[in-house]
Amino acid sequence: MNQHEVKPTRVWKLSKAKARLSEILRLSEEEGPQRIGTRRAFVVIPERVWRERKEAPRKALGQWLLNNIPRGTNLTTPDRNTNRKTPFADDDVA
């Protein structure tokens, strides 16, 4: 999990959350995100966490893949010089 991902630490039933909102707000600051509800779930996080996540620069998927490629393994790549038929290719097009 990276620094911008948040995982709720506790799940509150909606009825309890209504009665204990100030406690939920305090716990979100002290312990981390608090989840309210199960069928329609909401996560309570401090505003500073929201702003950090919103303002963080996003990496392109390609960059993420390059940064997270498995290292130290002997991966074999398939031979691309085969005469196999290309899927979904239209044979009538010249």
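This report describes the fold, the core, the salt bridges and one surface patch of a predicted model.

## Overall layout

The chain contains 4 helices and 3 strands. Read from the N terminus, its elements follow the order β-α-α-β-β-α-α.

Of the 94 residues in the chain, 15% are buried. The accessible surface amounts to about 9,000 Å², and carbon and sulfur atoms account for 52% of that area. Among contacts between residues at least 6 apart in sequence, 32% join residues at least 24 apart.

## The nonpolar core

The largest nonpolar core has 6 residues: Trp12, Ala17, Ile24, Leu27, Ile36 and Val44. One of these, Ala17, sits in helix H1, which covers residues 14-19. Ala17 has a relative accessible area of 5%, so it counts as buried, the limit being under 20%.

Which residues does Ala17 touch, once its neighbours within four places in sequence are left aside? The partners of Ala17 are then Trp12, Ile24 and Ile36. These three partners also appear in the list of core residues. Ala17 and Ile36 are 19 residues apart along the chain, and their C-alpha atoms are separated by 6.7 Å.

## A buried polar residue

Gln34 belongs to strand E2, made of residues 34-36. Is Gln34 buried or exposed? With a relative accessible area of 0%, Gln34 is buried.

The side chain of Gln34 makes a polar contact with the side chain of Trp12, at 2.9 Å. Trp12 is also one of the residues of the largest nonpolar core. Trp12 therefore has a place in that core as a buried residue, and its side chain takes part in the polar contact with Gln34 as well.

## Salt bridges

Side chains of opposite charge can pair when their charged atoms come close. The structure holds 4 salt bridges, and the following paragraphs describe some of them.

Glu29 and Arg48 meet through their side chains in a salt bridge, with an N to O distance of 3.2 Å. This pair links distant parts of the chain, since Glu29 is in helix H2 (residues 21-30) and Arg48 is in helix H3 (residues 47-55), 19 residues apart. Glu29 has a relative accessible area of 45% and is partly exposed. Arg48 is partly exposed too, at 43%.

Helix H3 also holds the salt bridge between the side chains of Arg51 and Glu47, at 2.6 Å from N to O. Why are Arg51 and Glu47 separated by about one helical turn? The reason is that the two residues are 4 residues apart in helix H3. Arg51 is partly exposed, because its relative accessible area is 44%.

Another salt bridge joins Glu23 and Arg20, whose closest N and O atoms are 2.7 Å apart. Arg20 has a relative accessible area of 33%, so it is classed as partly exposed.

## A nonpolar patch on the surface

Which residues form a nonpolar patch on the surface? The patch consists of Leu61, Trp64 and Leu65, and together they have about 350 Å² of accessible area.

Leu65 is part of helix H4, which spans residues 61-67. Its relative accessibility is 47%, so Leu65 counts as partly exposed. A residue must have over 30% relative accessible area to belong to a patch, and the value of 47% for Leu65 is therefore enough on that point.

Conventions: Residues numbered from 1 in each chain as written. Predicted model: local features only at pLDDT ≥ 70, side-chain atom pairs only at ≥ 80, totals over all residues. Heavy atoms only, no water. Patch = residues over 30% accessible without salt bridge, like charges linked within 9 Å, V, L, I, M, F, W, Y side chains within 5 Å. Areas by Shrake-Rupley, 256 points an atom, 1.4 Å probe, with all protein chains shown as cover. Buried < 20%, exposed > 50% of the residue type's maximum accessible area, 1.4 Å probe, protein only. Polar contact = N/O pair within 3.5 Å; in protein donor to acceptor, adjacent residues only side chain to side chain. Core = buried A, V, L, I, M, F, W, Y, C linked by side-chain atoms within 4.5 Å. Contact = heavy atoms within 4.5 Å.
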